[in-house]
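Thank you for making time this morning. I would like to walk you through one structure, starting from a single residue and working outwards from there.

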Amino acid sequence: MLTFVAYAYAEYVSTLDCQNISSTPQSKDVLMQVSDCQSTDERCPLYQGRTHSVIFKFKPTKTYSGKIDFRVYGVFEKFSVPYRGRADAYENAHYTDNGEAVRAVGSMIEDREIKHTSDFAVSKNYPKVSLKVRFVIVERRTKEIIMCRELPVEIKSNPEASS
């Protein structure tokens with residue numbers, strides 16, 4: 001199986017506040033970059049058979065320690081579907097001021113900007129559909145939402161597969 005990873009980051013993309021969530025996210029200054037997506041795209045294109053990269057920058061509005069999860073959901077009009085199980089939010093998270101791994105510090109510190117990077121694969125078997133993808137960072141024990149953003153996307157045929 002061939003998997004393409006796209007790393008063309010041009011600019012930050014527009015995201016939406018998460019709808020119908022249990023609490024107010026405890027972060028500010030949230031910025032997002034997605035491979036193959038431009039700020040002018042109404043819906044970010046996600047191509048079947050490719051792995052896309054997502055980068056978030058955000059500042060928690062209070063300090064968190066302990067287990068913190070990163071979760072991704074496909075959000076449709078009347079329901080949402082988990083993309084995968086929970087992942088450790090400390091993985092691939094660094095402070096932007098000095099590059100220090102969040103895991104090494106053991107906590108997400110109030111007002112200190114964090115850069116979180118993740119990759120997710122879009123199966124070639126996923127249907128071509130428009131939806132929102134919800135990205136959530138949540139404290140595992142209390143379920144308090146640290147960061148939550150939704151991104152309008154459109155799953156499309158891989159343009160490289162047809163050439």
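Let me begin with Glu-150, which counts as buried, at 1% relative accessibility. This is a predicted model, so please hear everything that follows as a description of that prediction. The side chain of Glu-150 meets that of Lys-132 in a salt bridge, with 3.9 Å from N to O. Glu-150 sits in strand S14 and Lys-132 in strand S13, 18 residues apart, and the pair thereby links distant parts of the chain. Lys-132, for its part, is partly exposed, with a relative accessible area of 28%.

That is one of 13 salt bridges in the structure, and two others deserve a moment. Asp-69 pairs with Arg-140, the closest N and O atoms being 2.7 Å apart. Because Asp-69 belongs to strand S7 and Arg-140 to the loop between S13 and S14, this pair ties together parts that are 71 residues apart in sequence. Asp-69 is buried, with a relative accessible area of 0%, whereas Arg-140 is partly exposed at 25%. Through shared partners, salt bridges join Asp-69, Arg-71 and Arg-140 into one network. Arg-50, in turn, forms a salt bridge with Asp-36, where the closest N and O atoms are 2.8 Å apart, and Arg-50 is itself buried, with a relative accessible area of 7%.

Let me turn to the nonpolar residues. Which residues have the most contacts inside the largest nonpolar core? They are Met-108, Phe-135 and Ile-137, in a core of 31 residues. Several strands each supply at least two residues of this core, including S3, S5, S7 and S13, and the largest share, 5 residues, comes from S14. Leaving aside residues up to four places away in sequence, Phe-135 touches, among others, Met-32, Phe-56, Phe-120 and Leu-151. Apart from the largest core lies another, of 5 residues, among them Cys-18 and Cys-148.

As for the wider frame, an unreviewed UniProt entry annotates residues 17–155 as an MD-2-related lipid-recognition domain, and over that range the chain is 3% helix and 53% strand.

Finally, a word on confidence. The chain averages a pLDDT of 89, and 92% of the residues score at least 70. Among the elements, strand S10 has the highest mean, 97, and strand S1 the lowest, 40. Over residues 1–9 the pLDDT stays under 50, although the model has 26 contacts there beyond four places in sequence.

Note on methods. Residues numbered from 1 in each chain as written. Predicted model: local features only at pLDDT ≥ 70, side-chain atom pairs only at ≥ 80, totals over all residues. Heavy atoms only, no water. pLDDT = per-residue confidence, 0-100. Helix = DSSP H or I, 4+ residues; strand = E, 2+ residues; numbered from the N terminus. Contact = heavy atoms within 4.5 Å. Core = buried A, V, L, I, M, F, W, Y, C linked by side-chain atoms within 4.5 Å. Buried < 20%, exposed > 50% of the residue type's maximum accessible area, 1.4 Å probe, protein only. UniProt positions renumbered as here; feature names shortened; annotations may be inferred. Salt bridge = Lys/Arg side-chain N within 4 Å of Asp/Glu carboxyl O.
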